[in-house]
Amino acid sequence: MIQEHHRVIARKSVLLQSLPDQHVEPLLSRAIHRHYERGETLFLQDEAADAIHIVLAGWVKLYRVTPNGIEAVVGVFTRGESFGEAIALRHLPYPVSGEAATSAEVLCLPSSVLIDLIKRDAEVGLSILSSTFTHLHSLVAQLEQLKARTGAQRVAEFLLDLCDGDGGSCVVKMPYDKVLIAGRLGMKPESLSRAFARLRRSGVTIEKNQARIESIEQLRDVVEISG
């Protein structure tokens, strides 16, 4: 049984937000709620994809293992974000593996249920396209960040995304460990450490799993300075 606060989170996801109202509750009634401890596997690369996932709490990472054994982080998803739409609907093997980066609550929507809905109502297909476009836009932005930003700029942008306000000072908690942060930003852990060191002059102090930011405006200037 899905708890009501989890239903609220799921309804606000890009996938369900654009779904015709009459289909939301029937779809949620067929959904499966799962809890994962940190490090637990959701699915493995090359397994048959049979569900779309919505993160209700915590963080989930998607990654590939290269032929030489290096883990490449493809994406990190949190509360209200979905993934796996296009792959699950085509019954293709997962091109990535999924793992809980922290303790996580995940809603699994069987792809067979969504396929049946698409056959009955074309608007359901449009909502899937909308969600897929959001993921594509995110990947393009991530690629731009990797190509056009220095390491310090990538880290500064990451920290800004964690800030609640638009100005002043703040303290943010790192959502997951620094090894994953480095992978998400296309860096090695030692490069991440050097980037944090460079940001000290811009008022950023790292204390265990927290970042103390003296000035959000000053940190934003770091991102906006070209190369």
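Select K61 to start: its relative accessible area is 10%, so this lysine is buried. The cut-off for buried is under 20%. Keep in mind that the model on screen is predicted.

Next, add E71 to the selection. K61 and E71 form a salt bridge, with the closest N and O atoms 2.7 Å apart. Display strand 4 (residues 59–65) and strand 5 (residues 71–78): K61 lies in strand 4 and E71 in strand 5, so the salt bridge ties together parts that are 10 residues apart in sequence. Unlike the buried K61, E71 is partly exposed, at 38% relative accessible area.

Now move to the N-terminal helices and select R11. Which residue does E25 form a salt bridge with? The partner is R11, and the closest N and O atoms of the pair are 2.7 Å apart. Show helix 1 (residues 4–11) and helix 3 (residues 21–29) to place the two side chains: R11 belongs to helix 1 and E25 to helix 3, so this pair joins parts that are 14 residues apart in sequence. E25 is partly exposed, with a relative accessibility of 35%.

Leave R11 selected and add E4. The side chains of R11 and E4 also meet in a salt bridge, at 3.5 Å from N to O. How exposed are these two residues? R11 has a relative accessible area of 30% and is partly exposed; E4 is partly exposed as well, at 47%.

Add R7 to complete this stop. E4, R7, R11 and E25 are linked in a network of salt bridges. For the structure as a whole, a search finds eight salt bridges.

For the last stop, hide the side chains and display helix 7 (residues 151–162) with helix 10 (residues 216–224). Their axes come within 8 Å and cross at roughly 140°. That angle makes helix 7 oblique to helix 10, since only angles over 145 degrees count as roughly antiparallel. The crossing of the two helices is left-handed.

Which residues make the contact? Turn on the side chains of A152, Q153, A156, E157, L159 and L160 in helix 7, then those of I216, L219, R220, V222 and V223 in helix 10; these residues make the contact. Colour them by class: the contact of helix 7 with helix 10 has eight nonpolar residues, one polar residue and two charged ones.

Definitions and conventions. Residues are numbered from 1 along each chain as its sequence is written. This is a predicted model: local features need pLDDT of at least 70, side-chain atom pairs count only at pLDDT 80 or more; totals for chains, interfaces and linings use all residues. Side-chain values use heavy atoms; hydrogens and water are left out. Axes are lines fitted to C-alpha atoms, for helices over the stretch in contact, and angles run from 0 to 180 degrees between N-to-C directions. Helices (H or I, at least four residues) and strands (E, at least two) are DSSP runs, numbered from the N terminus. Angles under 35 degrees count as roughly parallel, over 145 as roughly antiparallel, 65 to 115 as roughly perpendicular and the rest as oblique. A crossing is left-handed if the near helix is turned anticlockwise from the far one by less than a right angle, and right-handed if clockwise. Contact means heavy atoms within 4.5 Å. Ala, Val, Leu, Ile, Met, Phe, Trp, Tyr, Cys and Pro count as nonpolar, Asp, Glu, Lys and Arg as charged, and the others, Gly among them, as polar. A salt bridge is a side-chain nitrogen of Lys or Arg within 4 Å of a carboxyl oxygen of Asp or Glu. Buried means under 20% relative accessible area, exposed over 50%, partly exposed in between (1.4 Å probe, protein chains only).
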